[in-house]
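Please open the model in your viewer and keep the sequence panel beside it, so that each stop on this tour can be selected as you read.

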Amino acid sequence: GAMRHLPYFCRGEVVKGFGRGSKELGIPTANFSEQVVESFPSDISTGIYYGWACVGNGDVHKMVLSIGWNPFYKNIKKSVETHIIHTFKEDFYGEILSIVITGYIRPEKNFDSLDELISAIQEDIEEAKRQLDLPEHLKLKEDNFFHLPEGKTVNNH
Ligand code: ADP
Ligand code: MG
């Protein structure tokens, strides 16, 4: 359920999440709309993945992604949230986020404390950075998918 669908390409608008306070933890997650989440293969495993991400026609950055159960919908629907490993000057709600998921790290877990949660995510980020430098993952950074079609780019003269 985790690897079979990879690499997985996906593009959609960044919507407001349900305020789990990811940003307060220093790990903001850009949420996809319910419609985009519904378009994912229904048998894709929940858990933590990594890959590449790009906001609008911006640069392509490393990312970690969680596919989890959405508490807002009483855990019957999935949520897909991308933490881009880059410091942005501003929020980008409403922008188009393009991602390719290239690998799987681990299943979802419950943590006893916030400290344990944060250190697990920091380990996920380090693992993602290492894996994404390997040729088989690095090559997807240059994929044509990240070059938006003519006429859809911002400031396209
Ligand atoms: P929400 O519950 O609305 O998803 P978060 O605390 O998860 O709130 O913050 C997510 C928002 O933070 C994103 O939608 C995006 O606009 C912004 N953001 C800023 N930097 C990043 C980043 N590096 N990765 C993901 N989102 C970021
Ligand atoms: Mg979020």
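The tour below goes from the whole chain to single residues and then to two pockets.

**Before you start**

This is a predicted model, in which local features need pLDDT of at least 70 and side-chain atom pairs count only at pLDDT 80 or more, while totals for chains, interfaces and linings use all residues. Residues are numbered from 1 along each chain as its sequence is written, chains are lettered from A and ligands numbered from 1 in the order in which they are written, and side-chain values use heavy atoms, with hydrogens and water left out.

**The whole chain**

Select the chain and show it as a cartoon: its secondary structure comes to three helices and six strands, where helices (H or I, at least four residues) and strands (E, at least two) are DSSP runs numbered from the N terminus. Following the chain from the N terminus, you will meet these elements in the order β-β-α-β-β-β-β-α-α. Zoom out, and the C-alpha atoms fill a box of roughly 50 × 35 × 35 Å along the principal axes. The radius of gyration of the chain is 15 Å, which agrees with the value near 15 Å for a compact globule of 157 residues; this radius is taken over C-alpha atoms, and the globule rule is 2.2 Å times the number of residues to the power 0.38.

Now colour by accessibility: buried residues make up 41% of the 157 residues, and here buried means under 20% relative accessible area, exposed over 50%, and partly exposed in between, with a 1.4 Å probe and protein chains only. Among contacts (heavy atoms within 4.5 Å) between residues at least 6 apart in sequence, 69% join residues at least 24 apart.

**Start of the chain: proline 7**

Select leucine 6 and proline 7, which are joined by a cis peptide bond with an omega of about -5°. Proline 7 itself belongs to the segment before β1.

**A residue in a strand: asparagine 31**

Move next to asparagine 31, which you will find in strand β2. Is asparagine 31 buried or exposed? Asparagine 31 is counted as buried because its relative accessible area is 8%. Leaving aside neighbours within four places in sequence, its contacts include Glu13, Val14, Phe18 and Val80.

**Two loop residues: serine 45 and proline 107**

Select serine 45, in the loop between α1 (34-38) and β3 (47-55), where a relative accessible area of 23% makes the residue partly exposed. Beyond its neighbours within four places in sequence, serine 45 is in contact with Gly1, Ala2 and Ile67. Its side chain reaches the backbone nitrogen of alanine 2 at 3.2 Å. If you then draw a distance from serine 45 to isoleucine 27, 18 residues apart along the chain, their C-alpha atoms are separated by 22 Å.

Proline 107 sits in the loop between β6 (96-106) and α2, and is partly exposed, with a relative accessible area of 47%. Not counting residues up to four places away in sequence, proline 107 touches Thr46 and Gly47.

**A residue in a helix: aspartate 124**

Go on to aspartate 124 in helix α2, which is buried, with a relative accessible area of 6%. What does the side chain of aspartate 124 make a polar contact with? The partner is the side chain of arginine 106, at 2.7 Å; a polar contact is a pair of N or O atoms within 3.5 Å, where within protein one must be able to donate a hydrogen and the other to accept it, and residues adjacent in sequence count only if both atoms are side-chain atoms. Aspartate 124 also touches Ile48, Val64 and Ile105, again not counting residues up to four places away in sequence.

**The largest pocket**

Finally, select Arg20, Ile48, Ser66, Leu117 and Ile121, which lie nearest the centre of the largest pocket among its 29 lining residues. A pocket is an open set of points on a 1 Å grid over the protein atoms alone, where a 1.4 Å probe fits, with protein on both sides within 12 Å along at least five of seven lines, and lining residues have an atom within 4 Å of a point. β4 gives the most to this lining, with six residues.

**The second largest pocket**

For the second largest pocket, 26 residues form the lining, and Lys23, Pro28, Thr29, Ala30 and Tyr93 are the closest to its centre. β5 gives the most to the lining of this pocket, with four residues.
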